[in-house]
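User: Please take a close look at one helix in this model and describe its geometry and its surroundings.

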Amino acid sequence: MRGNQSNRKRPLWGALGIIMLAVWLSGCSMLEEWNSSGLGAPGIADAATPTDTADPSETATAPPIPTVVPKPSETPKPTVTPKPTKPEVTTPSPNPTDPKQQTEGKLVSLTFDDGPDGKYTSQILDILKEYNVKATFFVVGPQVEKYPDIAKRIVDEGHSIGNHTWSHSNLTKLSDKARIKEIARAQQAILDATGVTSQLMRAPYGATSASVLKTIHNDNMKHVFWTVDTKDWAGTSVKEMYTNVMSNTHQGGIILMHSFGGRKHAIEHTVELLPSIIKDLRKKGFEFATVDELIASGQYQASVIK
Ligand SMILES: [Zn+2]
């Protein structure tokens with residue numbers, strides 16, 4: 001329908017077109033001035049688009065009008081609007097980095113390896129209870145099997161329990177299979193005695209490698225080194241250990257001691273040392289936390305927790 005009508009009107013439109021062209025040519029310089037001044041003659045562009053452009057024969061008769069007008073006014077609009085919204089999205093982000101730094105106090109962790117046993121571990125637990133300190137015990141499988149009640153007491157009194165392998169082997173010298181078995185067997189002993197699946201691991205002697213750490217991580221555990229070594233296992237004097245701990249403990253520190261093993265009477269020194277470092281580290285503003293709590297707080301050295 002529309003197509004037929006427009007065909008019939010074509011001669012008339014053609015004549016009109018010639019007249020308009022003549023008029024337009026005379027006003028051409030004026031139109032260019034409007035466009036270059038940024039006004040863009042929006043009325044002309046709007047009128048051209050909705051009705052007649054669908055028919056190519058009509059646009060052909062009056063070519064100058066549509067080609068000159070729409071370009072400058074339409075293209076700049078979309079690029080201007082999205083830009084202001086982007087900076088507003090990025091502004092609320094500075095907060096999440098702060099809370100880790102703003103925890104209550106300077107946290108440190110006391111750790112005891114190689115137990116549990118039937119003598120010293122209980123004495124250490126008594127002292128920790130008296131001073132309301134939570135610590136972390138890295139235990140070996142056979143000792144857990146031998147003293148399941150002490151292992152259970154560690155967990156019941158709010159301390160963390162960590163895996164220290166089955167036979168206290170140097171894991172870097174074992175095959176993949178033997179290493180996995182060392183950790184898994186101790187893990188099962190801890191679970192049987194305490195009902196807890198440990199998430200912390202300390203390799204005997206702190207001996208790790210990329211493959212040792214991979215095995216530990218595959219078991220969903222973190223490896224825990226230390227920042228202060230009391231060398232209590234060697235029978236180091238209480239005075240020497242005290243000076244070492246007090247001068248080398250910093251925020252996020254992890255202090256290595258033992259609750260079993262070492263040289264004869266060595267752990268007696270550890271038991272004697274314990275109340276004095278608890279009291280005096282507190283005086284220096286330190287608070288005691290389990291290694292799990294230390295990790296959760298973010299207050300630890302990246303090189304120590306792997
Ligand atoms: Zn050990």
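Analyst: What follows concerns helix α15 and its surroundings.

This is a predicted model, in which local features need pLDDT of at least 70, side-chain atom pairs count only at pLDDT 80 or more, and totals for chains, interfaces and linings use all residues. Residues are numbered from 1 along each chain as its sequence is written. Helices (H or I, at least four residues) and strands (E, at least two) are DSSP runs, numbered from the N terminus.

Helix α15 covers residues 266-283, which is 18 residues. The expected span of a helix is 1.5 Å times one less than its number of residues. For α15 that gives 26 Å, and the end C-alpha atoms are 27 Å apart, which agrees. The helix has a kink of about 35 degrees at L273, shortly before the proline P275; the bend at a residue is the angle between axes fitted to the seven residues ending there and the seven starting there.

A residue is buried if 20 or more other C-beta atoms lie within 10 Å of its own, exposed if 12 or fewer, and partly exposed in between, with C-beta atoms placed from the backbone. In α15 the buried residues are I267, H269, T270, L273, L274, I277, I278 and L281; L273 is thus also where the kink lies. Their cover includes the helices α9 (120-130) and α14 (238-248) and the strands β1 (106-113), β7 (254-258) and β8 (286-288), where contact requires C-beta atoms, placed from the backbone, within 7 Å.

After α15 comes G285, with a positive phi near 95 degrees. Between β1 and α9, two of the covering elements, a loop holds P116, which a cis peptide bond with omega of about 0 degrees joins to G115.
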